[in-house]
Amino acid sequence: MRSRQKQLLPAMVSILALVALSGCGAGSRVAENGGGTEVPCDVGVPQGGATVEVLAYNSSAIDPFTNTMVRSCKQDNLVVRHEPIDFAGQLQRTQATLSGDKGTFDLVETYNFIVPTYGAEGKLRPLDDLFAKYKEKYGLDGLNQQMLDAMSYDGHLYALPMQAQVFTMAYRKDVFDELGLKPPTTFAELRDVARKIQDSGKMEHPVAMPWLASADIVTAYDAAMGSLGTDLIDSARNRPNFDTPAAGRAFEELTSLMPYMDPQVTTFDQPAVQQQMYNGDAAVSIMFSGRMNDLADPDNSQYADRIAFAPPPSVEKGGKQYSSLSVDGWSIPANTEVDPDLLFQLMAVSVGQEASESAVPAAYPARKGVVTPQNSPYADAANNAIKHAPPPEPYAATSLISNAITPTVAEVVTGRTEPEEGTRRMQETAAKILKENQ
Amino acid sequence: MMRKREFYSLVGPSMLVMVGLLLVPLYLTVKWSFQDVDYGSPGQFVGLDNYARAFTDPRFGHALLFTAGLTLVVTAVLLVGGYVLAAMINRLGRMRPVVLGILLISYVIPQVVGATMFSWLFDQNFGGVVNLAVSWVTGEDVLWFVEAWPNRIMVALNVIWSMLPFATLIMLAGLQGVSQDVLEAAQLDGAGPVRTHWSIIIPSIRGVIGFVGLISIMDILRVFDNLVPLSPQAVQLGNESLMLYIFNIAFQDGGQDLGLGSALSVLTIVVIVIMLYPFLRDVVKEARQQ
């Protein structure tokens with residue numbers, strides 16, 4: 001019996017050590033190390049004090065704004081609380097907190113894709129009156145009008161923009177220079193450039209894009225449609241646009257790039273595309289601007305100093321860029337019991353000039369003129385891309401339709417369904433959603 | 001003799017926990033399966049609509065087939081592999097705790113973390129050691145993430161990798177309970193190693209093997225987080241497990257088809273009961289005999 005106990009003890013110790021080691025990362029508070037600054041926070045706290053629960057996912061682009069708010073505005077009679085969470089977790093909690101008569105959170109991070117849906121459902125408080133009231137005090141006229149528009153629905157502002165992401169192209173300048181290539185401005189040029197790199201024998205799969213079948217692929221499809229000048233929905237006629245020529249053309253153009261991409265591209269999210277660039281496996285990648293700074297970081301890759309940036313190409317000559325503008329911001333849930341004036345001021349503090357400047361280059365803040373070539377390696381490319389991206393689609397059903405058609409888009413891109421059949425199904429699904437949400 | 005008050009004070013808390021954490025969610029799931037449910041709002045009765053949608057969605061059929069196939073194959077491997085490994089470890093001397101400690105690494109690592117690291121073995125972007133080895137031996141690149149069968153094999157290998165230590169550990173405990181006298185008697189009667197295992201040891205630890213089978217089936221039927229890193233294209237490949245399918249329907253991207261999700265959960269419970277029936281029957285039989 002004793003010998004068995006003797007054997008069990010080291011085994012138990014080993015297991016406990018392993019459990020402890022595997023748990024080391026659990027619960028680490030990424031947000032506390034994610035940038036941000038301390039700024040004056042002269043907000044009027046109601047008598048009796050207040051506790052503000054903040055819901056915002058952790059990323060290098062969002063953390064600076066959250067941290068600025070939490071660090072700067074904690075006072076004796078004001079508690080501002082934020083717990084780290086990932087994006088998927090934020091989506092679910094947002095849904096849950098906005099649903100009941102009383103929510104768990106008082107400030108929520110939202111983005112332009114979802115704002116119209118929640119705005120139409122009356123789950124977010126319109127901010128027009130508060131914006132006008134505090135415009136001067138917090139210099140809100142310094143916010144980019146395009147981003148304010150992106151956060152508006154039906155003429156009302158529902159979120160205060162903090163930062164934006166837009167498709168940006170990163171390419172290997174050394175490879176391009178060696179082969180005498182120029183950054184492509186159209187998909188035809190992109191194919192041409194990719195073919196030349198392939199023919200040179202330098203890379204087998206020179207183009208890298210995040211086309212993850214369960215998520216990113218629909219953003220790519222939407223970007224292609226937008227570049228061809230067509231929204232997912234014809235809002236004037238309240239009908240989907242998947243029976244228009246652009247719907248099929250978008251599929252054609254996307255699949256035309258596949259010979260130049262890794263055959264498993266439909267399993268790649270943005271970190272996987274970054275990894276391709278770090279490894280030197282790809283020479284051109286197009287993804288959201290928030291990922292660009294990492295590519296130029298020498299700690300991440302031996303090729304960091306050979307990376308250059310450019311705006312993304314358009315699908316066809318003269319069209320809008322193949323791009324998507326995603327704007328993040330702060331919203332006030334309609335069901336919060338905390339004073340809206342206090343909440344709005346907290347939001348305004350976090351998107352102030354100083355806070356926005358501290359977020360560069362990890363983020364592209366919503367304040368005009370903050371991102372410059374002096375403080376961000378991809379500034380010129382992103383500034384150009386913001387100007388020429390297809391406009392956001394501020395319609396309540398867009399996010400619902402986008403989610404619903406994702407599996408079909410993936411089936412068409414992976415060649416499991418013919419484009420004609422795919423667009424027919426997408427039209428049917430989207431029409432049903434539009435009818436249900438009239 | 002325990003007094004009534006003592007009995008209730010001891011049983012009460014666990015009954016409360018069971019009602020709160022098992023019966024209430026089960027009741028709500030069954031109720032919602034007949035409703036159109038939106039977060040935070042009372043559901044609207046829709047009869048059997050959710051069940052009709054579930055049965056007419058080909059994804060449900062694919063998910064059921066994939067999950068059942070994975071469960072059968074992996075459970076069989078776990079029972080055989082767990083037994084063989086346990087028998088080998090049982091013969092070890094001083095090295096036994098070390099081997100056990102190493103073996104349990106995959107069991108204590110959180111599933112999603114283990115599966116992510118496992119996926120890197122097959123992913124060229126992250127080194128892809130297995131990928132390189134297979135390419136080197138066969139001269140062909142296997143597309144582990146976008147082809148259905150290679151992906152199924154990879155998923156099955158990962159589930160085996162993560163669950164084999166549990167099967168081994170329980171089997172080892174069973175082996176240590178086998179009477180030495182019986183084994184020595186078998187040896188004296190001239191039984192070889194294979195005959196001893198087949199005719200003496202396995203029948204005497206039948207209950208333990210059944211227990212491993214029971215737990216394995218329940219765990220594999222609930223496979224979910226492994227698939228997130230290992231099968232990013234699960235829907236298109238037909239490699240969506242029942243749990244992943246339910247998650248995708250009920251929650252993904254802020255979706256909120258909780259009614260259909262609940263109907264699918266009820267159907268999954270039925271499937272689990274059907275698959276566990278042989279093991280449950282044995283357990284009941286054994287309990288009656290005792």
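Which cysteine does A:C41 join in a disulfide, and what is the S to S distance? The partner is A:C73, with 2.0 Å from S to S. Keep in mind that this is a predicted model, so every value here is computed from predicted coordinates.

## The disulfide in chain A

That link is the whole disulfide inventory: the structure holds 1 over all chains. It is right-handed, with 100° about the S-S bond. The two cysteines come from distant parts of the chain, 32 residues apart. A:C41 sits in the loop between α1 (2-22) and β1 (50-55) of chain A, while A:C73 belongs to helix α2 (residues 63-73) of chain A. How accessible are the two ends? A:C41 comes out at 12% relative accessibility, so it counts as buried. A:C73 is at 0%, and it counts as buried too.

## Strands in chain A

Let's start with β1(A) and β2(A). They run parallel and are joined by 5 bridges; one of the residue pairs is A:E53 with A:R81, the latter in β2(A). Strand β2 (residues 78-82) of chain A has alternating side chains. A:L78, A:V80 and A:H82 point to one face and are buried, whereas A:V79 and A:R81 point to the other face and are not buried. That puts the bridge partner of A:E53, A:R81, on the face of β2(A) whose side chains are not buried.

Strand β10 (residues 284-288) of chain A is another story. Is β10(A) mostly covered or mostly open? Mostly covered: 5 of its 5 residues are buried. It pairs with β6 (residues 160-172) of chain A in the antiparallel sense over 5 bridges, and A:M169 has A:I286 of β10(A) as its bridge partner. With β7 (residues 207-208) of chain A the pairing is parallel, over 2 bridges, and here A:A208 stands opposite A:S285 in β10(A).

## Backbone oddities in chain A

Most residues other than glycine have a negative phi, and most peptide bonds are trans. The spots below are therefore handy places to look if you are checking backbone geometry against that general picture.

| Site | Backbone value | Location in chain A |
|---|---|---|
| A:D154 | phi near 55° | loop between β4 (152-153) and β5 (156-157) |
| A:N238 | phi about 50° | loop between β8 (233-234) and β9 (239-240) |
| A:V360 to A:P361 | omega near 10° | A:P361 in the loop between α14 (353-359) and β13 (364-365) |The two positive phi values belong to residues that are not glycine, namely A:D154 and A:N238. How covered are they? At 64% relative accessibility, A:D154 counts as exposed. A:N238 has a relative accessible area of 34%, so it is partly exposed. The third entry is a cis peptide bond, running from A:V360 to A:P361.

## Chain B as a whole

Now over to chain B, which has 15 helices and 2 strands. Its C-alpha atoms fill a box of roughly 75 × 70 × 30 Å along the principal axes. Of its 290 residues, 40% count as buried. Chain B exposes about 16,200 Å², and carbon and sulfur atoms supply 69% of that area.

What share of the contacts with a separation of 6 or more in chain B comes from residues 24 or more positions apart? That share is 68%. On the charge side, chain B has 16 positive and 19 negative charges, and their mean positions are 15 Å apart.

## Two close-ups in chain B

Why is helix α14 (residues 242-250) of chain B described as largely enclosed by the rest of the structure? Because 7 of its 9 residues are buried. These are B:L242, B:L244, B:Y245, B:I246, B:N248, B:I249 and B:A250. They pack against four helices of chain B: α3 (58-90), α12 (227-230), α13 (234-237) and α15 (258-289).

The other close-up is a glycine, B:G210, found in helix α11 (residues 206-221) of chain B. At 22% relative accessibility, B:G210 counts as partly exposed, because buried means under 20%. The C-alpha atoms of B:G210 and B:L280 are separated by 9.1 Å, although the two residues are 70 residues apart along the chain.

Note on methods. Residues numbered from 1 in each chain as written. Chains lettered and ligands numbered in written order. Predicted model: local features only at pLDDT ≥ 70, side-chain atom pairs only at ≥ 80, totals over all residues. Heavy atoms only, no water. Buried < 20%, exposed > 50% of the residue type's maximum accessible area, 1.4 Å probe, protein only. Contact = heavy atoms within 4.5 Å. Areas by Shrake-Rupley, 256 points an atom, 1.4 Å probe, with all protein chains shown as cover. Lys, Arg positive; Asp, Glu negative; His and termini not counted. Charge placed at Lys NZ, Arg CZ, Asp CG, Glu CD. Pairing = 2+ DSSP bridges. Disulfide = S-S within 2.5 Å.
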